[in-house]
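Colleague: I would like to go through how packing and pairing are read from a model. Please take it feature by feature.

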Amino acid sequence: MSRVPQNPSRRLLLAGALAAASAALTGCSSDSDASSSGGAKRLRIGYFAFPSGDLLVKNRKLLEKALPDHSITWIKFDSGAGVNQAFLGKSLDIAALGSSPFARGVSGSSPIPYKVAWVLDVAGENEALVARRSTGISDVAGLRGKTVATPFASTSHYSLLAALRTAGLKSSDVRLVDLQPQAILAAWQRGDMDAAYVWLPTLDELRETGTQLTSSKRIGAAGKPTLDLAVVSDELIARDPKAIDAWRKAQAQALRLLKSDPDGAVQTVAAELGISTAAAKAQLAQGVFLTPEQVTSADWLGTDGAPGKLLSYVTDTGRFLADQRQIDAAPTEDAVREAFYLKGLPDVLK
């Protein structure tokens with residue numbers, strides 16, 4: 001049985017980051033290009049093709065309307081590992097990022113230079129562990145000796161490890177395979193795996209021929225919640241904090257629209273993901289979306305000088321990953337607190 005590889009060195013990550021950033025951002029202007037083309041300010045935003053308010057901000061150009069003097073580029077990523085690499089390569093200013101890869105990013109002696117500035121959503125039934133129905137596996141304990149795929153260094157990876165531990169299994173008791181969502185779907189269709197932990201929309205396709213064993217909602221209720229956060233680079237905080245304020249207001253507007261205009265939100269998500277409105281509605285129903293007031297409350301992100309429970313969630317995630325030998329050492333609570341950017345949050349609610 002294979003064991004999950006330990007966290008690669010910063011040097012290897014940086015080498016990968018530079019290559020990934022070069023490929024992902026071909027055609028994007030450099031700082032000198034931006035300054036020489038009329039002085040337009042640049043924002044490079046990483047996002048996931050995952051149902052959330054982030055897709056409303058992108059599709060409805062809420063940020064472009066708020067910042068007409070900025071050149072804004074949206075870059076799609078498959079998982080948090082790629083986002084972390086891109087930040088190491090200084091190829092992103094703002095991005096969606098799961099709480100588990102964020103905990104990885106702020107660990108070690110050379111943390112990634114970014115800070116969490118918003119909460120996009122809380123993982124619910126939109127991330128889950130599914131076994132192939134033909135295997136006859138009906139619970140997590142039944143995965144012993146089986147092949148299980150998940151995107152490594154993601155929230156799904158973290159939740160999978162937590163599920164295995166709760167079931168009395170070690171990661172070495174199963175054959176863990178590192179695959180991105182689309183690769184998981186292809187391998188599933190070939191019959192190359194017994195189970196997978198992944199998120200929407202791939203998750204729904206696996207459910208058609210699989211049995212759900214557990215979900216991030218259930219694992220979160222048991223004390224190990226995962227979230228989709230939004231992080232901003234330290235360089236952007238120093239260079240253009242007003243852009244961060246505008247971006248958070250756009251995200252707050254999107255969260256309100258999810259509640260006040262659910263039909264419109266469904267149509268927007270359907271358009272962004274290229275799926276039917278029925279599928280978009282079903283996928284949105286599986287997520288847990290906070291109100292802006294909840295995001296800034298003590299239960300979640302908190303405010304400047306008073307970080308909320310997210311601080312302990314990320315710290316606990318780091319400890320768990322260290323216990324599982326996914327990272328060399330857990331970040332301290334002080335290190336995690338330093339990676340929170342909470343200045344100006346109350347203004348979002350005005």
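Colleague: Which residues in helix 7 meet which residues in helix 16?

Modeller: First the ground rules. This is a predicted model, where local features need pLDDT of at least 70, side-chain atom pairs count only at pLDDT 80 or more, and totals for chains, interfaces and linings use all residues. Residues are numbered from 1 along each chain as its sequence is written, and side-chain values use heavy atoms, with hydrogens and water left out. Contact means heavy atoms within 4.5 Å; helices (H or I, at least four residues) and strands (E, at least two) are DSSP runs, numbered from the N terminus. On that basis, Tyr158, Leu161, Ala162 and Arg165 of helix 7 meet Thr317, Phe320, Leu321 and Asp323 of helix 16.

Colleague: At what angle do helix 7 and helix 16 pack, and how far apart are their axes?

Modeller: Two packed helices are described by the angle between their axes and the distance between the axes. Axes are lines fitted to C-alpha atoms, for helices over the stretch in contact, and angles run from 0 to 180 degrees between N-to-C directions. Helix 7 (residues 155-166) and helix 16 (residues 310-323) pack at about 65°, with their axes 11 Å apart. Helix 7 is therefore roughly perpendicular to helix 16 (under 35 degrees is roughly parallel, over 145 roughly antiparallel, 65 to 115 roughly perpendicular, the rest oblique).

Colleague: What is the strand order in the open sheet that includes strand 7?

Modeller: Strands of a sheet pair through backbone hydrogen bonds, either parallel or antiparallel. Two strands count as paired if DSSP finds at least two bridges between them. This open sheet of 5 strands has the order 7-6-8-5-9, with mixed pairing. Its edge strands, strand 7 (175-178) and strand 9 (210-215), each pair on one side only. Strand 6 (residues 147-150) runs parallel to strand 7, and 4 bridges join them. Within that pairing, Val148 stands opposite Leu176.

Colleague: Which strands does helix 7 lie across?

Modeller: Helix 7 lies across strand 5 (127-132), strand 6, strand 7, strand 8 (195-199) and strand 9, and runs at about 135° to strand 8.

Colleague: How many aromatic pairs are found in the whole structure?

Modeller: Rings of Phe, Tyr and Trp (its six-membered ring) pair if their centres lie within 6.5 Å; planes under 30 degrees apart are stacked, over 60 edge-to-face, and the rest tilted. The search finds 5 pairs. One of them, Phe87 with Tyr114, has ring centres 5.1 Å apart and planes at 85°, so the pair is edge-to-face.
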